[in-house]
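Please open the structure in your viewer and keep the selection tool at hand. The tour below proposes one selection after another and says what is to be found at each.

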Amino acid sequence: MAEQAILSYLETHEEIADSGNFAAECGIDHAEIVNAIKSLHGFLYVESQDIKKETWVLTDEGKKYAAEGSPEVQLFLAVPAEGSIAKDELQKKFDPAIFKIGCSQAGKNKWVEMGRQVSRKVVQVEDKVKDLLLKIQKGQVIGQVDINSLKARKLIVLQTWKGYSVRKGPSYAPQREKFATDLTRENLQSGDWKKLKFKEYNFNAKGPPSECGHLHPLNKARCFEEMPTNRYVESSFWNFDALFQPQQHPARDSHDTFFLKTPSTTMQLPEDYVERVKQVHESGGYGSRGYNYEWKREEANKNLLRTHTTAISSRMLYKLAQDTKQNGFTPKKYFSIDRVFRNEAVDRTHLAEFHQIEGLICDRGLTLGHLIGVLEDFFKRLGMSNLRFKPAYNPYTEPSMEIFSYHEGFGKWVEIGNSGMFRPEMLQPMGFPEDVRVIAWGLSLERPTMILYGIDNIRDLFGHRVDLDLIKKSPLCLIGIK
């Protein structure tokens, strides 16, 4: 309808001077007229020129004053013509904002005497503000001084209107010619194809984006070769006991760990190693006094969902120690990234199921200085150079350190990992020589990923609440590349 109105008008007129006036005369919405002009211009039926008009319009506050009167006049009319009214009583009649503005403007205009009692200083007043606002509402012109006054009170704003002037284009016709978009079998059989005009192909047009798989941010942040971590179910022995963690430790309670009902226990443990672990727990050894309690095999046999990938590290180190006995010691570096489970309350920084990055280096003569240097280089490659270290306690490492990084989204330091040097009570029962040291560190994959991608709620990164657009649009994490 809008398109035909434009073409028909131009058949007998040279120009549509103003698309806004034209839309009003035709009774068609201006947006429809604009869309039709853009379409016709694209096919050269018309030529168009932009028109911009700047007009003053009332703000919501201005519309209110135009309807009800300005605050100063409202306040003046509420003051008795003779006598006075208590200021507190007068205030009860108005909204606090109206009363404040009314007092200020009426006092400035010297209409009222302000004090504990309020009285009139003039017999009557004229509401110039309301009159000016009504003129603007009707599209009438007012002086620049009045505009500046209303603008200063934020009663009017400048609005830019955009329209077009339109003339005939080089391909003008009273009616748009329809182009065929497909060559059909019927066209060929009937011979219609000889008369048809076909729409030109646009070889520069982009096709719709193809639906395809996308890497999750957790995958994009991965960069280390992993140990075999396909054991979600682990025994308490490898998860706790082999790490010199006492059986009465709070982390081994059901409120911190998910224990399995079926199968509830394991039957496959290296018996000679189990005996050495039992001995170091009960009475110590290798320079340690142990924990001096009765170690129970049934506790070590309990199956659970692993609480950390250090359970895999203990298996790998035990295997390395056995190989050392036969072939001599060979330094090793191990890394893993996989899922762990904790019976924790879920909040913006904690989940009951998450991913853990673990790294360890096994060699002779390693010190805490080596560990700090490795950690600084490790996290620098993850894009986090602003680190702090805090002394901590772990049953299986001494010394131990918590690792903190500053999170811009939270505006505070966030713990991102733990680290330390594995104790002799853990390593020597496995069969390592006395001078072999292991430095290790572990961290959540989610927390550094949150820092790298500016995500402030872990549930928006991993779990059922994840927005698939986050996965599609998150850029590749170029770790260590600037």
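## Salt bridges along the chain

The structure holds 13 salt bridges, and, as this is a predicted model, they are read from computed coordinates, like everything else on this tour. Select Arg167 and Glu15, whose side chains meet in a salt bridge with an N to O distance of 3.9 Å. This pair links distant parts of the chain, since Arg167 belongs to strand S6 (residues 156-168) and Glu15 to strand S1 (residues 15-16), 152 residues apart. Arg167 is partly exposed, with a relative accessible area of 41%, and Glu15 also counts as partly exposed, at 31%.

Next, select Glu72 and Arg153, which form a salt bridge whose closest N and O atoms are 2.9 Å apart. Here too distant parts of the chain are linked: Glu72 sits in helix H5, Arg153 in the loop between helix H9 (144-152) and S6, and the two are 81 residues apart. Are these two residues buried or exposed? Glu72 counts as buried at 3% relative accessibility, and Arg153 is buried as well, with a relative accessible area of 18%, a value that falls under the 20% limit for that class.

## Where two helices cross

Keep Glu72 in view and extend the selection to the whole of helix H5 (residues 71-78), then add helix H7 (residues 96-108); the axes of the two helices come within 7 Å and cross at roughly 85 degrees. Because angles of 65 to 115 degrees count as roughly perpendicular, H5 and H7 are described as roughly perpendicular to each other. On the H5 side the contact is made by Pro71, Glu72, Gln74 and Leu75, and on the H7 side by Ile98, Phe99, Ile101, Gly102, Cys103, Gln105 and Ala106. Sorted by class, the contact of H5 with H7 has 7 nonpolar, 3 polar and 1 charged residues.

## The six-stranded sheet

Now move along the chain and colour the open sheet of 6 strands, whose order is S9-S10-S14-S13-S12-S11, with antiparallel pairing. Its edge strands are S9 (332-341) and S11 (387-394), each of which pairs on one side only. On average, and with direction ignored, neighbouring strands of this sheet are turned by 25 degrees against each other.

Starting from the S11 edge, select S11 and S12, which form a hairpin with 2 residues between them and run antiparallel, joined by 7 bridges. Within this pair, Lys390 stands opposite Glu402 in S12. S12 itself is mostly covered, with 8 of its 11 residues buried. Step on to S13, which pairs with S12 in the antiparallel sense over 9 bridges; there, the bridge partner of Ile403 is Gly417. The next step leads from S13 (residues 412-422) to S14 (residues 436-444), antiparallel strands joined by 5 bridges, and at this pairing Asn418 stands opposite Gly442 in S14.

Two helices can then be added to the view. Helix H15 (residues 310-327) lies across S9, S10 (353-364), S13 and S14, running at about 25 degrees to S10. Helix H16 (residues 368-381) lies across S10, S11, S12 (397-407), S13 and S14, and runs at about 35 degrees to S14.

At the S9 edge, select Asp338, which forms a salt bridge with Arg306, the closest N and O atoms being 3.4 Å apart. Asp338 is in strand S9, whereas Arg306 is in the loop between strand S8 (303-305) and H15, 32 residues apart, so this pair again links distant parts of the chain. Both Asp338 and Arg306 are buried.

## A tyrosine between two strands

Return to the hairpin and select Tyr396, which lies in the loop between S11 and S12. Tyr396 is buried, with a relative accessible area of 13%. Which residues does Tyr396 touch, not counting residues up to four places away in sequence? They are Leu243, Gln245, His308, Thr310, Met421, Phe422, Arg423 and Met426. Measuring from C-alpha to C-alpha, you will find Glu425 at 7.9 Å from Tyr396 in space, although the two are 29 residues apart in sequence.

## Last stop: helix H18

Finally, select helix H18 (residues 446-453), where 7 of the 8 residues are buried, so that the helix is largely enclosed by the rest of the structure. The buried residues are Glu446, Arg447, Pro448, Thr449, Met450, Ile451 and Tyr453. Just after H18, Gly454 takes a positive phi of about 65 degrees.

Technical notes
Residues are numbered from 1 along each chain as its sequence is written. This is a predicted model: local features need pLDDT of at least 70, side-chain atom pairs count only at pLDDT 80 or more; totals for chains, interfaces and linings use all residues. Side-chain values use heavy atoms; hydrogens and water are left out. Buried means under 20% relative accessible area, exposed over 50%, partly exposed in between (1.4 Å probe, protein chains only). Helices (H or I, at least four residues) and strands (E, at least two) are DSSP runs, numbered from the N terminus. Axes are lines fitted to C-alpha atoms, for helices over the stretch in contact, and angles run from 0 to 180 degrees between N-to-C directions. Angles under 35 degrees count as roughly parallel, over 145 as roughly antiparallel, 65 to 115 as roughly perpendicular and the rest as oblique. Contact means heavy atoms within 4.5 Å. Ala, Val, Leu, Ile, Met, Phe, Trp, Tyr, Cys and Pro count as nonpolar, Asp, Glu, Lys and Arg as charged, and the others, Gly among them, as polar. Two strands pair if DSSP finds at least two bridges between them. A salt bridge is a side-chain nitrogen of Lys or Arg within 4 Å of a carboxyl oxygen of Asp or Glu.
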